[in-house]
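Reader: Could you take one part of this structure and look at it closely, setting out how it sits among its surroundings?

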Amino acid sequence: LEATKSMLDNAKQNAENVVIFMTDGEATVGETDKNKLLSFAPENSRIFTVGIGYDVNTQFLDKLAKSHHGLSEYVEPEDNVD
């Protein structure tokens, strides 16, 4: 999220910025506080989250997507993503 924020800060101001964030929603390196992680998300973008696996932090991913006018989707390992 932090890298995305810096990339989008340099993006065109009149373009719609869309982020697709694929994760299990669990931070294991660096910052792990969920509220601080939410502050890393770029404000000028729509964020769509894709939770992958069975052990997914759905509360965090739903909150991230909702607060940035996006949607959440969840994929189980045996799901066909075609």
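Author: What follows is a close look at helix α3 and what surrounds it. The model is predicted, so local features need pLDDT of at least 70 and side-chain atom pairs count only at pLDDT 80 or more, while totals for chains, interfaces and linings use all residues. Residues are numbered from 1 along each chain as its sequence is written, and side-chain values use heavy atoms, with hydrogens and water left out.

Helix α3 covers residues 58-67, helices being DSSP runs of H or I with at least four residues and strands runs of E with at least two, numbered from the N terminus. Its buried residues are Phe 60, Leu 61, Leu 64 and Ala 65, where buried means under 20% relative accessible area and exposed over 50%, with a 1.4 Å probe and protein chains only. Seen down the axis of α3, these residues fall within an arc of 125 degrees, so they line one face of the helix; the arc is that of the directions from the helix axis to the C-beta atoms. The face turned away from that buried side carries the exposed residues Gln 59 and Lys 66.

The cover over the buried residues of α3 includes β1 (17-23), α2 (34-40), β2 (45-52) and β3 (72-75). Leaving aside residues up to four places away in sequence, Leu 64 touches Leu 1, Phe 21, Leu 38, Ala 41, Ile 47 and Thr 49, contact meaning heavy atoms within 4.5 Å. After α3 comes His 69, whose phi is positive, near 60 degrees.
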